[in-house]
Amino acid sequence: MNIFDVLNLFKSKIEDLNPINKKYLISRGNQNGFEDLVPEIAETIKTEISDTTIFDYKVHLGHHFPDMDLIVNGDCFGLELKSRSNGSWDTNGNSVFESITDEDYQDIFLLFGSKEPGKDHLLVRFDYYWKVTSAINVTHSPRFKINMDTNESVFKDAQEYYQLRDKTEMEKVAFLQNYLKEHTTGTKWFVPQDSSSESIKPTSLNLLPQNIQNQVKAEVLVLFPQDLITSKKANYARAHEFIITNHFYYSSSFRDFFFCWWKMGKKIMSSFLKVLVLSIA
């Protein structure tokens with residue numbers, strides 16, 4: 001049995017669930033039925049094989065990339081999970097920096113489940129993760145675009161993807177800069193505006209001392225409370241641009257960088273409004 005035999009077992013066992021329990025079709029916020037289903041299928045496969053030297057697995061999920069480890073004949077393979085509820089085969093992927101793990105995997109695969117329109121049934125496809133990264137999109141952080149039908153990957157081959165996993169964070173930023181220079185237009189904070197080898201690269205916020213990180217967070221919370229605190233869904237665009245323009249700092253995920261402070265800011269703003277109302281009364 002090899003990794004492709006195992007992945008085909010996942011595919012067939014999921015597609016055999018017809019109709020599938022609706023709980024596995026949920027995709028809302030932190031609830032993802034496909035991410036609940038796949039580990040259950042893994043346990044079924046493990047029980048049927050009944051030999052952990054042939055097949056075993058480990059579930060990560062959360063912010064870990066990839067979502068699962070599949071251990072086949074002693075070799076460890078990564079498995080990332082994606083799903084859609086509209087029958088399509090493309091979706092937003094992980095942060096570019098999260099998706100370039102430095103852990104020692106033989107290969108990393110993507111398992112994609114897509115709901116058939118009008119049916120309680122999932123179709124499943126899988127491929128090498130590097131092959132289905134069709135583009136890099138920029139939201140609050142650079143993210144891969146996943147497309148199971150793509151004929152052109154961000155990476156020219158598997159070797160380029162796996163070599164990138166061994167590079168430093170600044171070398172990964174350089175790769176991202178070069179890609180975006182070739183495939184996007186307009187000014188991007190992570191792309192130097194000249195071609196000189198002396199171009200200064202931005203500093204990662206995560207590498208700064210904690211007191212400097214806190215100063216930056218406090219500054220933008222004061223300047224952009226309507227974006228980061230008072231709105232139902234935080235918008236990092238202006239804060240992002242301000243930090244790059246004024247401090248030349250960057251983060252691979254501004255959402256994670258601000259999350260704890262966003263919760264604190266909500267509490268502070270709520271208390272401030274209560275005091276303001278009482279003072280007016």
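## Tour from strand β4 outward

Select Met68 first: its bridge partner in β5 is Leu79. Here strands (E, at least two residues) and helices (H or I, at least four residues) are DSSP runs, numbered from the N terminus. Residue numbers start from 1 along each chain as its sequence is written, and side-chain values use heavy atoms, with hydrogens and water left out. The model is predicted, so that local features need pLDDT of at least 70 and side-chain atom pairs count only at pLDDT 80 or more, while totals for chains, interfaces and linings use all residues.

**Stop 1: β4 and its two partners**

Extend the selection to residues 68–72, which make up strand β4. Four of its five residues are buried, where buried means under 20% relative accessible area, exposed over 50%, and partly exposed in between (1.4 Å probe, protein chains only). Next add residues 75–84, strand β5, which pairs with β4 in the antiparallel sense over five bridges; pairing requires that DSSP find at least two bridges between two strands. The two strands form a hairpin with two residues between them, and Asn73 in the turn has a positive phi of about 55 degrees.

Now add strand β3, residues 55–59, which runs antiparallel to β4 and is joined to β4 by five bridges. Within this pairing, Asp56 of the tour stands opposite Ile71 in β4.

**Stop 2: salt bridges**

Keep Asp56 selected and show Lys46: their side chains meet in a salt bridge, 3.1 Å from N to O. The term denotes a side-chain nitrogen of Lys or Arg within 4 Å of a carboxyl oxygen of Asp or Glu. Lys46 lies in helix α2 (residues 33–49) and Asp56 in strand β3, so the contact ties together parts that are 10 residues apart in sequence. Lys46 is partly exposed, at 24% relative accessibility.

How many salt bridges does a search of the whole structure find? The search returns eight. Another is formed by Lys22 and Asp120, whose closest N and O atoms are 2.7 Å apart. This pair links distant parts of the chain: Lys22 is in the loop between α1 (3–15) and β1 (27–28), and Asp120 is in the loop between β7 and β8 (122–128), 98 residues apart. Lys22 is exposed, at 54% relative accessible area, whereas Asp120 counts as partly exposed at 25%.

Select Lys145 and Asp90 next; their side chains meet in a salt bridge of 3.4 Å, N to O. Lys145 belongs to strand β10 and Asp90 to strand β6 (residues 90–95), 55 residues apart. Both partners are partly exposed: Lys145 at 22% and Asp90 at 25%.

**Stop 3: the nonpolar cores**

Select Tyr129, Phe155 and Tyr161, which touch the most other members of the largest nonpolar core, a set of 28 residues. Such a core consists of buried Ala, Val, Leu, Ile, Met, Phe, Trp, Tyr and Cys residues joined through side-chain atoms within 4.5 Å. Two or more residues each come from β7 (108–115), β9 (133–138), β10 (142–147), α3 (158–165) and α4 (169–183). The largest share, five residues, is given by α4. A second, separate core has 27 residues, including Val6, Leu25, Ile41 and Phe126. In soluble globular proteins, nonpolar side chains tend to be buried together.

**Stop 4: Ser204**

Finish at Ser204 in strand β11 (residues 203–204). Is Ser204 buried or exposed? Ser204 is buried, with a relative accessible area of 1%. Apart from neighbours within four places in sequence, Ser204 is in contact with Glu169 and Tyr250, contact meaning heavy atoms within 4.5 Å.
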